[in-house]
Amino acid sequence: MERSLQKKGCGRVDRKKKYRRLLLWFLCLDLLAVVWFGYRYLERKIPDELFVSEGKEEQVKNVLDFPFLSFDDAITVSGDGSYLLKARILGVIPFKDVKITPADSESVMVSGDTVGIYMETDGVLVIDTGEIVSQEGFTQEPAKNIVKPGDYIVAFNDQTVHSKKELIEDLSKLDDSQVTLEVIRNGEKIPLSITPVKDVRGEYKLGVWVRDNTQGIGTLTFVDEKGNFGALGHGISDVDTGELLHINEGALYQAKIIGIQKGSSGSPGEISGMIHYDAQQVIGSIDKNCDQGIFGTLNIVPKPLSLKKMEVAYKQELETGPATVLCGIDGEVKEFEAEITRIDMNHEDSNKSFVIQVTDQELLDMTGGIVQGMSGSPVIQNGKFAGAITHVFVQDAAGGYGIFAETMIENVEKE
């Protein structure tokens, strides 16, 4: 009996130890989670670089004022006056370096007009691979596991390929030998060998679905004094592959809105536009498609185009609170009320740097808030060009993301 009681007593002690260990593990995990989320919070709130105009140095102090975070003395890093601030957590743990760059205040002409977009890809974009029924009646997939969706075919047997038409012409001249394709994949040129299949009509096929151009409508954001423009605030990606399109050339056209599909929870709305793709309607050339938008040069300024000179706000000047949005939903650019509800100084996606909510009842009645086609609509705060709308929330059509104005303008300056 005594031994039995001793065993029961030992069992209870062992269970208590296990519970304590389990609780200790949970506490450690909670602590690690708090540290990780705290670090990520600071990472997104503390920018890697700040542009500061003369007399606005106090803005740096306000942006970098966070509990548990301190900065070492400034360290000069370039001859133009830029310097580094070394951030430390609790004054000990190295966190990151913040580059402070003096800059002059800049003004641009903001727009909000709807424009037509046409772009030709740099090479031929592969959408997918498919099956071919050969002359013998067998189903074959010559490109399977060789060519991948998102590849750009830029050469066929050492001959440069610019368009889908050229690729088809090259195939029509082929015999039954193996061919070599040169594709761009993840930024690298790769040679691929494929044996084409002769189909039931006696034509050689590679078994790939391809595209060589894209078109649509968006919003012109701004034009600088040199005629350089920025639009959309996000890059144009292929609808099938999701890959950012590598463009060879493109054009900006005048466009006319013909309809609006109102957005709602779970269903983003859309602006329908009419574009006449003829030379007389071209207003500019597109030279660059990147994560921060499309950029190029405006060749002419048609009379209907709305341009308003405005000073550019640096990101540290933005604040949560009232703002306005410029867009031409009914053919005329108007200013609609909105509110910036969150600001991320260092978001991983630069085109999701702040959250904006449409509050203007007129715009909500017309569109439900933010709809496809409004990407690039300028955001104004405190009389300055603060950024542009880039995305709509699928579950809340009144809200979406925006990009900082300075981020878009940096891409123009790199041209």
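## Exercises on Salt Bridges, Patches and Contacts

D238 counts as buried, with a relative accessibility of 4% (buried is under 20% relative accessible area, exposed over 50%, partly exposed in between, with a 1.4 Å probe and protein chains only). The model is predicted, so local features need pLDDT of at least 70 and side-chain atom pairs pLDDT 80 or more, while totals for chains, interfaces and linings use all residues. Residues are numbered from 1 along each chain as its sequence is written, and side-chain values use heavy atoms, with hydrogens and water left out.

**Exercise 1.** Identify the salt-bridge partner of D238 and state which parts of the chain the pair ties together.

*Solution.*
1. The partner is R211, with an N to O distance of 2.1 Å (a salt bridge is a side-chain nitrogen of Lys or Arg within 4 Å of a carboxyl oxygen of Asp or Glu).
2. R211 belongs to strand β16 (residues 208–223) and D238 to the loop between β17 and β18 (247–254), so the bridge ties together parts 27 residues apart in sequence. Helices (H or I, at least four residues) and strands (E, at least two) are DSSP runs numbered from the N terminus.
3. R211 is partly exposed, at 24% relative accessibility, whereas D238 is buried.

**Exercise 2.** Determine where D151 and R185 lie, and whether each is buried or exposed.

*Solution.*
1. The structure contains 11 salt bridges. In one of them, D151 pairs with R185, and their closest N and O atoms are 2.7 Å apart.
2. D151 is in the loop between β9 (139–140) and β10 (152–156), and R185 is in strand β12 (residues 179–185); the pair therefore ties together parts 34 residues apart in sequence.
3. D151 is buried at 1% relative accessibility, and R185 is buried at 17%.

**Exercise 3.** Describe the salt bridge of R342, then name the residues of the shared-partner network.

*Solution.*
1. R342 pairs with D344, the closest N and O atoms being 3.6 Å apart.
2. R342 is partly exposed at 37% relative accessibility, while D344 is buried at 5%.
3. R201, E203 and K205 are joined into one network by salt bridges that share partners.

**Exercise 4.** List the members of the positive and nonpolar surface patches, and place one residue of each.

*Solution.*
1. The positive patch gathers R15, K16, K17, K18, R20 and R21. Patches consist of residues with over 30% relative accessible area and no salt bridge, like charges being joined within 9 Å and nonpolar side chains (Val, Leu, Ile, Met, Phe, Trp, Tyr) within 5 Å.
2. R20 is part of helix α1 (residues 2–45) and is exposed at 60% relative accessible area.
3. The nonpolar patch comprises L22, F26, L29 and L32, with about 410 Å² of accessible area together (Shrake-Rupley method, 1.4 Å probe).
4. F26 is also placed in helix α1 and is partly exposed, at 45% relative accessibility.

**Exercise 5.** Give the setting and contacts of N228 and K262.

*Solution.*
1. N228 is in strand β17 (residues 228–231) and is buried, with a relative accessible area of 18%.
2. Leaving aside residues up to four places away in sequence, N228 touches F222, V223, G296, T297 and V412 (contact means heavy atoms within 4.5 Å).
3. K262 is in the loop between β19 (256–261) and β20 (270–274), partly exposed at 44% relative accessibility.
4. With residues up to four places away in sequence again not counted, K262 touches G269, L364, D365, M366, T367 and G368.
5. The C-alpha atoms of K262 and G328 are separated by 15 Å, the two residues being 66 residues apart along the chain.

Definitions and conventions:
Lys, Arg positive; Asp, Glu negative; His and termini not counted. Charge placed at Lys NZ, Arg CZ, Asp CG, Glu CD.
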